Amino acid sequence: MKKIAPEQVSQFNADFVKIFTSGLGVGLVILGYSYTHTFFRSFGLSLFQLDMAWIDILFRGVALFQDWRVAAVFSATILAGSILFSARNLVGATAKVAIISFTVFGFVVAATWGGQVLGYQHARSIWQDGAGKVAFCQLTSDRTQLKDLASGINELSLQQRIRLVYQSKDHTFLAPVYQTVREGQKTGEAYVIPTSAISFCRVIGS
């Protein structure tokens, strides 16, 4: 067996740390973005409407590691990537590039797919099953153009069928919980209300 020089070991460790750190970082960003995009699209909302900071999206990806499925998939991807990366010195230069590319590609695919699955599941659990933050919001009485919407939201609030999806400085996003879900229904809906038009909101949940 060919003996590996200490310099080669050091170079290998340095390369592995760089690839691992880059792959994990990219994976977290993509996981957070994929999850956030899918979650809000399930309510008919675009991320451009939310004016959400990138750090919020990244934190959502990090927070998803509390789900054992995310931790398991990332661990399996890291293990497979480590094995492939370790074997790169047994092949030629072209194969080395291919192995590194597929390792990073594995992180990207796992993060994108995982974010989409969890985003859809979490959104559906709100508009179908009533999960999330129960909200009781009162709109200001001087907004006559919101009169019909206010009465509808008040009625849903009394039935505890309104959930707070997201709130920014400019807009508040509320989602109704459906009493019945149509066969084949894949999405919910949301009310986009100017935050300035809300007198107060009582929110229950975490």
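F43 is buried in this predicted model, because its relative accessibility of 3% lies under the 20% cut-off. F39 also counts as buried, at 7% relative accessibility. The rings of F39 and F43 form an aromatic pair, with 5.4 Å from centre to centre and 65° between the planes. The geometry of F39 and F43 is edge-to-face, because an angle over 60 degrees is assigned to that class. F39 and F43 also belong to one aromatic cluster, whose other members are Y35, F40, Y166 and F173. Across the whole structure, a search finds 6 aromatic pairs.

A further aromatic pair is made by W127 and Y178. The ring centres of W127 and Y178 are 6.0 Å apart and their planes stand at 70°, so this pair is edge-to-face. The pair links distant parts of the chain: W127 lies in helix 5, whereas Y178 lies in the loop between strand 3 (171-176) and strand 4 (191-194). In sequence, W127 and Y178 are 51 residues apart. Both W127 and Y178 are buried.

Helix 5, which spans residues 93-127, is also the place of W113. Is W113 buried or exposed? W113 is exposed, because its relative accessible area of 52% is over the 50% cut-off. W113 can also be related to Y35, a member of the aromatic cluster described above. The C-alpha atoms of W113 and Y35 are 8.9 Å apart in space, although 78 residues separate W113 and Y35 in sequence.

V109 is likewise found in helix 5. With a relative accessible area of 40%, V109 is partly exposed. On the surface, V109 joins F102 and F105 in a nonpolar patch. Together, F102, F105 and V109 contribute about 320 Å² of accessible area. V109 can be part of such a patch because its 40% exceeds the required 30% relative accessible area.

The covalent cross-link of the model comes next. A disulfide is a covalent bond between the sulfur atoms of two cysteines. How many disulfides does the count give? The count comes to 1 disulfide, and C137 and C201 form it, with their sulfur atoms 1.9 Å apart. The separation of 1.9 Å qualifies because the cut-off for the sulfur atoms is 2.5 Å. The link of C137 and C201 is right-handed, with 110° about the S-S bond. This pair links distant parts of the chain, 64 residues apart: C137 belongs to strand 1 (residues 133-139) and C201 to strand 5 (residues 198-204). C137 is buried, with a relative accessible area of 3%, whereas C201 counts as partly exposed at 29% relative accessibility.

The last contact is electrostatic in kind. Side chains of opposite charge can pair when their charged atoms come close. The structure holds 1 salt bridge, in which the side chains of D67 and R69 meet at 2.8 Å, N to O. The distance of 2.8 Å satisfies the criterion because a salt bridge requires nitrogen and oxygen within 4 Å. What is the accessibility of D67 and of R69? D67 counts as buried at 17% relative accessibility, because this value is under 20%. R69 counts as partly exposed at 33% relative accessibility, because this value falls between the 20% and 50% cut-offs.

Key: Residues are numbered from 1 along each chain as its sequence is written. This is a predicted model: local features need pLDDT of at least 70, side-chain atom pairs count only at pLDDT 80 or more; totals for chains, interfaces and linings use all residues. Side-chain values use heavy atoms; hydrogens and water are left out. Buried means under 20% relative accessible area, exposed over 50%, partly exposed in between (1.4 Å probe, protein chains only). Helices (H or I, at least four residues) and strands (E, at least two) are DSSP runs, numbered from the N terminus. Patches are made of residues with over 30% relative accessible area and no salt bridge: like charges are joined within 9 Å, nonpolar side chains (Val, Leu, Ile, Met, Phe, Trp, Tyr) within 5 Å. Accessible areas come from the Shrake-Rupley method with a 1.4 Å probe; for residues, only the protein chains shown count as cover. Rings of Phe, Tyr and Trp (its six-membered ring) pair if their centres lie within 6.5 Å; planes under 30 degrees apart count as stacked, over 60 as edge-to-face and the rest as tilted.
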